[in-house]
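Open the model in your viewer and show it as a cartoon. This tour gives a selection at each stop and says what is there.

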Amino acid sequence: MIEKKSQKGDLDKKRNTFLLIGLVAILGLVYAGFELFATSDMSKDLGIPDEELILVMDEDVIATDPTPPPPPPPIAQQAEVILKIVEDNIKVNTDFDFSQDFDLDMAVEEYVPIDIVAEEVDNTPPMRFVEEMPEPVGGMENMYEFLRTNLRYPEVARNNNISGQVFLEFVVEKDGSISGVKVIVGVYPDLDQEAIRVVKMMPKWKPGKQMGKPVRCFFNIPVRFTIN
């Protein structure tokens, strides 16, 4: 290495000082450049008119939720509960006598179970025509005699001179009993009800049969009311 003639001519010791001076100069130039290009006159140089520039102020900001917060709920009032203590002076008799005399020599009846027989319900629909149609015991003449004997001419119909023939339909069950009596062709309400009443009173018939077995069967009869 070549030795320096004097220490004043040695620039290595001042290198840091020159570096700091250079950095300060560069920062000054950068700041000056920002100040130059950040002025309002630059908008004219860029071709943007002043009226198109939007300036947002704090007072121009609109609140997104103008609804005020709901008021706090009122404090629930507690009702005062008053308990009234009533003295109960009723005396209860707790003396019970469960003693009972038993005769050890008494015979106990033997338990006999009871057979519960469910009643059979015949849901077979009635038939209109069968091999052997049902008929009253003693024949049709006996049935008409029964009707003439038991019919009572309603007073209202008699006073109004109302007469006619009521057609009834009913079912002759397998055991010959009469059920389901209804009016097919009526004349007058009082006459209709009287005919139904008497037909329900009829004794059992001979049931209808199909292939030799009793069956449910429909039957129609007329009941005539005539004023003499």
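Helices here are DSSP runs of H or I with at least four residues, numbered from the N terminus. With that in hand, select Thr149, which lies in helix α3. The model is a predicted one.

**Stop 1: the whole chain**

Zoom out before going further. The chain holds five helices and seven strands. Color by secondary structure and follow the elements from the N terminus: α-α-β-α-α-β-β-α-β-β-β-β. The chain has 228 residues, and 18% of them are buried. Now consider contacts with a sequence separation of 6 or more. Of these, 77% are between residues 24 or more positions apart.

**Stop 2: Thr149**

Return to Thr149 in α3. Is Thr149 buried, exposed or partly exposed? Its relative accessibility is 46%, so Thr149 counts as partly exposed, given that this class runs between the 20% and 50% cut-offs. Add Val198 to the selection and draw a distance between the C-alpha atoms. The two residues are 49 apart in sequence, and their C-alpha atoms are 9.7 Å apart in space.

**Stop 3: the largest pocket**

Select Arg148, Leu151, Arg224, Phe225 and Thr226. Among the 15 residues that line the largest pocket, these lie nearest its centre. The space in this pocket comes to about 320 Å³. Which elements each supply at least two residues of the lining? They are α3 (140–150) and β7 (217–225). β7 gives the largest share, with four residues. Color the lining by residue class: eight residues are nonpolar, three are polar and four are charged.

**Stop 4: strand β2 and its partners**

Select residues 164–172, which form strand β2. This strand is mostly covered, with seven of its nine residues buried. Add β7, already met as a contributor to the pocket lining. How many bridges pair β2 with β7? Nine do, and the pairing is antiparallel. For one of the matched positions, pick Phe170 and look across to Phe219, its bridge partner in β7.

Next, add β3, residues 178–185. Five bridges join β3 to β2, and these two strands also run antiparallel. Two pairs are worth labelling. Val172 has Ile178 as its bridge partner in β3. Val171 stands opposite Ser179 in β3.

Follow the chain around the hairpin of β2 and β3. Five residues lie between the strands, and Gly176 has a positive phi near 90°.

**Stop 5: Glu169**

Stay in β2 and select Glu169. Show its side chain. Glu169 is at 5% relative accessibility, so it counts as buried. What does the side chain of Glu169 meet in a polar contact? The partner is the side chain of Arg128, at 2.4 Å.

Now expand the selection to everything Glu169 touches, leaving out residues up to four places away in sequence. The set is Arg128, Gly180, Val181, Lys182, Ile184, Phe218, Phe219 and Asn220. Phe219 has appeared before, as the β7 bridge partner of Phe170.

**Stop 6: Arg216**

Move to the loop between β6 (213–215) and β7, where Arg216 sits. With a relative accessibility of 15%, Arg216 counts as buried, because the cut-off for buried is under 20%. Show the side chain of Glu173 as well. A polar contact of 2.8 Å joins the side chains of Arg216 and Glu173.

**Stop 7: two positive phi values**

Most residues other than glycine have a negative phi. The last two selections go the other way.

Select Asn161, in the loop between α4 (155–159) and β2. Asn161 is not a glycine, yet its phi is positive, at about 55°. Its relative accessible area is 59%, so Asn161 is exposed.

Then select Met211, in the loop between β5 (208–210) and β6. What is phi at Met211? It is near 55°, again a positive value in a residue other than glycine. At 69% relative accessibility, Met211 counts as exposed.

Technical notes. Residues numbered from 1 in each chain as written. Predicted model: local features only at pLDDT ≥ 70, side-chain atom pairs only at ≥ 80, totals over all residues. Heavy atoms only, no water. Buried < 20%, exposed > 50% of the residue type's maximum accessible area, 1.4 Å probe, protein only. Polar contact = N/O pair within 3.5 Å; in protein donor to acceptor, adjacent residues only side chain to side chain. Contact = heavy atoms within 4.5 Å. 1 Å grid on protein atoms, 1.4 Å probe; cavity = no way out; pocket = protein on both sides within 12 Å on 5 of 7 lines; lining within 4 Å. Points joined across faces, edges and corners; volume = space filled by probe spheres on them. Nonpolar A, V, L, I, M, F, W, Y, C, P; charged D, E, K, R; others polar. Pairing = 2+ DSSP bridges.
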